[in-house]
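Grab your favourite viewer and work through these exercises one at a time. Try each task yourself before you read its solution.

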Amino acid sequence: MFRKLLVAFTALFLMPVLLLAQDGKLRGRVTDKESGEPLIGANVTIDGTNLGASTDINGEYIILSVPPGTYAVRGSYIGYSPVTIANVRVGANITTTQDFELSSTAIAVEAVEIVAERPLIQRNTTNTVRVTTQENIASLPIRGLQNIVALEAGVVERGGNLYVRGGRAGEVAYFIDGSNTTNPYFNSQNVTVIQEAIEEMQVQAGGYTAEFGGANSGLVRTVLRTGGSDYKFSLDMQTDDFAKPGKEFLGTTARGYRNIVGTASGPVPGVANLRFFLAGQHNYERNDQAMFLEPFRFDGLVTDDKGSRPAGEPLPGPVEFKRNYLYNNWTQNNQMQGTLLYTLNQFKFKFSGTAEEIRNPSGGQWTSALPLYFNQKRNVDQKTRRMFGNLRFTHVVNPTTFYEIGVSYQRREFRSYDPDLKHNWRAYPDSAANAAVGYDGWQSRYEGPLGYSTIFDFNFAHPNTPNNSYSKNNQTGIGASVDFTSQINSNWELKAGGSLETWTMRFWSISNIRALADYMDTDKNGTWDRTTFSGQTDDYARRVLMIRTGGINAIGYKYDNPNEEVDDGFDKPAKPFMASAYVQNKFEYKDLIVNFGARYELFDPKATAVPTTLNPTTGSYDYQEPPFDANLAVLREDQLTETEPYSVLLPRVSFSFPVTESTVFYALYGKYAQMPSLNNIYVNNITLSGLFNPLTRVPYNLGGTTIGFMAKPERLTQYELGIRQTLSENFAMTITGFYKDTKDQLSIRRVYNSAGVPITTSYQNEDFGTQKGVELTLELRRTNRLAAKVNYTLSDARGTGSTPRSSQNAVTDEASARFPNFINPLDFNQTHKGSVMLDYRFAKGDGGPVLEGMGLNFLLTFNSGHNYTRIQEPQNLGQASPWNIGVRALIDSRSRVPVEPINASTTPWVFNVDMTFNKVFYLEPVNVEIYARVLNLFNTKHVLNVFPTTGTPYDDGWLKSPYAEPYKAIPLYEEFYRAINLANRYSYMSLGFGGGLGNQAGGDLFGAPREIRLGIKLEY
């Protein structure tokens, strides 16, 4: 391990290094307009900055370290009239070409001003880079970075996850102003971006050059806006809250949505060269879960003879749900985000920061809202806080060389707690503590009120039922990078790069407070007085038994006190470490651009591992007899080890070849690697002991915690070919073909001893697959007031598993286990997927006083559905309840009987239209915009999933079965089953996205209903 760390540090500090350069490059040629001869020594400057360059003997200039944005660029030469070209867009890490033709003052004496048009195709990139600017975003009906990314070719959104070019969920890396903001514990976006704060967003789907890493499938790079030389302010307010909950208006219902965003930017008073940008957002939704909910009401329900209460006892009231409305399903988000930019001669400092708090209760969403119907006031509160700070320093040493230093800090905190007893978790099941806050009806000191069983074993919680769990966690990341970039000559740009990133991750949760309280309070007087634990009195035995009894997970906190952090010992925090280094060469010739380089990645999860020991029967080392304390049934922690770091070397080559002025051909080959999400890897010792205990371990896994320390990086090889073609002055097309070979993906596999006998299961790098496809992008620059963009993807994603748990059915039966050694369409595969954006608007001064500033935007998204496997309809109740029998095979994969090859069927096509209408009033110095946004314009009930037993979203097949006849004879059974399951998908959605243990389905069967938002925006 020390040797590998030494290699990483040497690579990082004995050569100049770079994480992700956020700035772009501007280059071009200055010539005499009449003769075409190069002008040597001409000056090219960027207005509003101190950036500029002089032309060389060939009339060529290069300006490095240009912050992303839109500029006016000025070309001048003695004896010639200067030319200023406005609207020149420079992108992050992209070379922008802008040529100048100057006329002699003998011919023209006045300065010339030209407004540039953004090039329709990128001539200087060697891979697929899709750029979205603030101007593109402003008119879209949708909000949110994830939703915008999902519009791009090659990207599939399903269940809130992004799948890029057939890769699994969690294979996308997120960057803000050059800093990696991906949380490695979840492999998800750790810092959200306020939409109005985006200067530029880049999506690199699939292959990218050696300076980028951290993800196998794609990158989302966001550059935040900075202040200009003038003060600017904006205020944007929108809402859909025009009707009471459950009431319809204009053919839809309100979600109680409101969003307020304010921005301010400009120079900082009294400080020369310092500019600021600040954005603040308040977002609230009364009904966070947008779903088609059919209203129902049941009066006079009474208890049956299946529960603990006497039969015939009335329930606390009627059970009623209104249309599309879930009570106590709100969420609130408050966020501040901004930048400070300071420039002084060759120096630049940029600070980016974010502070965010999200609050929402857990229990008001469908489906938990039904069994907790009478208990909603006790819903668990959830609070998430995120903080992010990033400082980057740039020094331009000379016109051809600059270096950059970056440091970043980010932190995510999460709490889940009782709304009344807050963080006093020990009091949650205590009758005395509950009585003090107004809850009574306890059966004993630590046994709350009895619930209600009605109709036939459908259970509702008592209004005073206490919460029985508490959790908190936080992840803190610190990153650092140094950057050096040099334009060796006009054709050769050299970059060398790397980064260091370390995290501290702490978790504390308890799943059964009542059991722990009952165990610790021996005389039930409210004092935890137990002193003997499995015949022992030492603290270690106390710790083991308390953790096991209460279902405590303690990493980084004291096992019995989540307010006390610990940094070493048995409960030390997880501290993963990552490092990278690369060298990247870019050769730019008139007709050819070549990128080649290599990237070194070091992953060190520092997870607790169990050592192999000598098997006395076979004489080999294996996990047959781990170091075990038989008295406490726990692994001996003094003999546990730590996982070794993993390192990989990843070569990448790409090039682009401008065949003509209007045609560019490009190609890429690269190897990539990424660690799986660390929540699959970190397991506390007590849980790990249960999986390794020689007396209780089993060679199958039905959805519980899985051993993770055997996981290694997942690998990918990708090939990409593309053509960018300008079809006319205002119309362009890009076609890209890709092929991906994935291997070493996580899957659940058996762990064998040296005699070949299965003894337990773990995550291992055994899944593989191939993904291939063609992406098409058509773009029409605004012509006769119309702009349009079309994205389309034809793809085929196949593999041995869609998630790490897809193979769990193969480890459930020791006798008949068969592992999937052949590939099938993946669950998230969508053969056809695309979007069409049409934007028609009148500019300022166009169309007269009525039409001036008026615009209409339509966004059509479509896909051909995803793959699933048809399975046999239920033949008997088995271990299912009479309320989830229709999805029994999705709950327990052992009862799943396929009637066709894996994922041979496909859900229906989905077409959706969103619309924005807006009108701007130019009231100098303030612009006032009013607008209406309509999501799901036609209120279509989009079919996202189906019951795999029937192939439809309307019927799970149970009530048609002859086995259902006895249940249908029970009063109210069929009516209640139809209301909650067939009309409102209760049992299906109870599985959660991913399909519960079966991983075959989940989420909602339908998309969201129509939503109408009205807003007003003021700009100064």
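**Exercise 1. A valine to warm up**

Is Val88 buried or exposed?

*Solution.* Before you start, note that this is a predicted model, so local features need pLDDT of at least 70 and side-chain atom pairs count only at pLDDT 80 or more, while totals for chains, interfaces and linings use all residues. Residues are numbered from 1 along each chain as its sequence is written, and side-chain values use heavy atoms, with hydrogens and water left out.

Step 1: Get the cut-offs straight: buried means under 20% relative accessible area, exposed over 50%, and partly exposed in between (1.4 Å probe, protein chains only).
Step 2: Val88 has 3% relative accessibility, so it counts as buried.
Step 3: Place Val88 in strand S6 (residues 83-90); helices (H or I, at least four residues) and strands (E, at least two) are DSSP runs, numbered from the N terminus.
Step 4: Look across to Leu26, which is 62 residues from Val88 in sequence, with 9.5 Å from C-alpha to C-alpha.

**Exercise 2. Salt bridges across the chain**

Work out why the Arg255 and Glu285 pair ties together parts that are apart in sequence.

*Solution.*
Step 1: Use the cut-off: a salt bridge is a side-chain nitrogen of Lys or Arg within 4 Å of a carboxyl oxygen of Asp or Glu. Searching the whole structure turns up 55 salt bridges.
Step 2: Check the pair: the closest N and O atoms of Arg255 and Glu285 are 2.7 Å apart, and the two form a salt bridge.
Step 3: Arg255 sits in the loop between strand S21 (252-253) and strand S22 (257-267), and Glu285 in strand S23 (residues 274-285), so the bridge ties together parts 30 residues apart in sequence.
Step 4: Check the burial: Arg255 is buried at 17% relative accessibility, and Glu285 is buried at 10%.

Now find where Glu637 and Arg543 lie in the chain.

*Solution.*
Step 1: Their side chains meet in a salt bridge, at 3.0 Å from N to O.
Step 2: Glu637 is in the loop between strand S43 (634-635) and strand S44 (641-642), while Arg543 is in helix H6 (residues 539-550); this pair links distant parts of the chain, 94 residues apart.
Step 3: Both Glu637 and Arg543 are buried.

**Exercise 3. A salt bridge within a helix**

In which helix do you find Glu974 and Arg978?

*Solution.*
Step 1: Both are in helix H11 (residues 973-982), four residues apart, which is about one turn of the helix.
Step 2: The two side chains form a salt bridge, 3.0 Å from N to O.
Step 3: Glu974 is partly exposed at 22% relative accessibility, and Arg978 is partly exposed at 40%.

**Exercise 4. The surroundings of Lys25**

Which residues are linked with Lys25 in a network of salt bridges?

*Solution.*
Step 1: The network links Lys25, Arg27, Glu493, Lys586 and Glu588.
Step 2: Lys25 lies in strand S1 (residues 24-32) and is buried, with a relative accessible area of 3%.
Step 3: The Lys25 side chain also makes a polar contact with the side chain of Gln487 at 3.1 Å. (A polar contact is a pair of N or O atoms within 3.5 Å; within protein, one must be able to donate a hydrogen and the other to accept it, and residues adjacent in sequence count only if both atoms are side-chain atoms.)
Step 4: Leaving aside residues up to four places away in sequence, Lys25 touches several others, among them Ile62, Ile63, Leu64, Val90 and Glu588; contact means heavy atoms within 4.5 Å.

**Exercise 5. Backbone oddities**

Find the cis peptide bond between Glu924 and Pro925, then look up where Pro925 sits.

*Solution.*
Step 1: Omega for the cis bond joining Glu924 and Pro925 is about 5°.
Step 2: Pro925 is in the loop between S56 and strand S57 (926-935).

What are the phi values of Ala633 and Arg985?

*Solution.*
Step 1: Ala633 is not a glycine, yet has a positive phi of about 55°. Its place is the loop between strand S42 (628-629) and S43, and Ala633 is partly exposed at 23% relative accessibility.
Step 2: Arg985, also not a glycine, has a positive phi near 60°. Arg985 is in the loop between H11 and helix H12 (986-989) and is buried, with a relative accessible area of 0%.
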